[in-house]
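Reader: Could you take me through the terms used for this protein, and show me how each value is set against its definition?

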Amino acid sequence: MTTHATSLNVFVLRAQEGRTREPLDLLGQKTLMKLTNSDTNGAAAIFHQTIPRMSGPPLHRHSREDEWFYVLDGEITAEIDGERIVLRGGDSAFAPRGTAHTFRNFGNTTAQMLALVMPGAFNDFFEELCTLHRGLSAPDLVLTEQLANQYGIELLGPPLA
């Protein structure tokens, strides 16, 4: 048996728990950070997102991260490099870095989705984005784009319609 030293810590999270004190509100999407870059020495981050009807991010592209989506419940329409596909519970899609992508919940019910991002510094972006919009009645798109650019994210267009 081979053993090796690791600086990673063991932890357990219950269904409604995340690695932040409270769930993040990403423009109306309740997001639980299940695994952060500090948990994995920067290798990956995993988010559990609750996606209300007609919710989803703008079309964008990451220069630093690959992103994998796994629908737990409900229905999500994803667009990756111009191709649209409907994802239902158990379906997944992969958007490698440099790929234009977005998703939206056009269904009649709230959807649940896991997102895996590699490498994992993307959770820092999510936390800063929530702080930026806290208390605002509508998102500040100029500040959002500036923050996204700092994280190597290029906003390309509006959410799916």
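**Terms and the values behind them**

Author: Along strand E8 (residues 92–95) the side chains alternate, with Ala93 and Ala95 pointing to one face and buried, while Ser92 and Phe94 point to the other face and are not buried. Buried means under 20% relative accessible area, exposed means over 50%, and partly exposed lies in between, with a 1.4 Å probe and protein chains only. In a regular strand the side chains alternate between the two faces of the sheet.

Reader: What kind of model is this, and how are its residues numbered?

Author: This is a predicted model, in which local features need pLDDT of at least 70 and side-chain atom pairs count only at pLDDT 80 or more, while totals for chains, interfaces and linings use all residues. Residues are numbered from 1 along each chain as its sequence is written, and side-chain values use heavy atoms, with hydrogens and water left out.

Reader: What makes E5 and E8 a pair of strands?

Author: Strands (E, at least two residues) and helices (H or I, at least four) are DSSP runs numbered from the N terminus, and two strands pair if DSSP finds at least two bridges between them. Strand E5 (residues 66–73) and E8 are joined in the antiparallel sense over four bridges, and Glu67 has Ala95 in E8 as its bridge partner.

Reader: Which strands stand at the edges of the sheet?

Author: The open sheet has six strands in the order E1-E2-E3-E10-E5-E8, with antiparallel pairing. Strand E1 (24–26) and E8 are at the edges with a single partner strand each, so one side of each has no neighbour in the sheet. Within this sheet, seven bridges join strand E3 (residues 45–51) to strand E10 (residues 111–118), and Ile46 stands opposite Leu116 in E10.

Reader: Why are H1 and H2 called roughly antiparallel?

Author: The axes of helix H1 (residues 122–133) and helix H2 (residues 141–150) cross at roughly 160° and come within 11 Å. Axes are lines fitted to C-alpha atoms, for helices over the stretch in contact, and angles run from 0 to 180 degrees between N-to-C directions. Angles under 35 degrees count as roughly parallel, over 145 as roughly antiparallel, 65 to 115 as roughly perpendicular and the rest as oblique, and H1 and H2 are therefore roughly antiparallel to each other.

Reader: Which residues of H1 and H2 meet?

Author: With contact meaning heavy atoms within 4.5 Å, Phe125, Glu128, Leu129, Leu132 and His133 in H1 meet Leu143, Thr144, Leu147 and Ala148 in H2.

Reader: Why is Leu27 called partly exposed, and what is said of Asp81?

Author: Leu27, in the loop between E1 and E2, has 46% relative accessibility and therefore counts as partly exposed. Asp81, in the loop between E6 and E7, has 56% relative accessibility and therefore counts as exposed.

Reader: What is the phi of Leu27 and of Asp81?

Author: Most residues other than glycine have a negative phi, and most peptide bonds are trans. Leu27 has a positive phi near 50°, and the phi of Asp81 is a positive value near 50°. The peptide bond from Met118 to Pro119 is cis, with omega near -10°, and Pro119 is found in the loop between E10 and H1.
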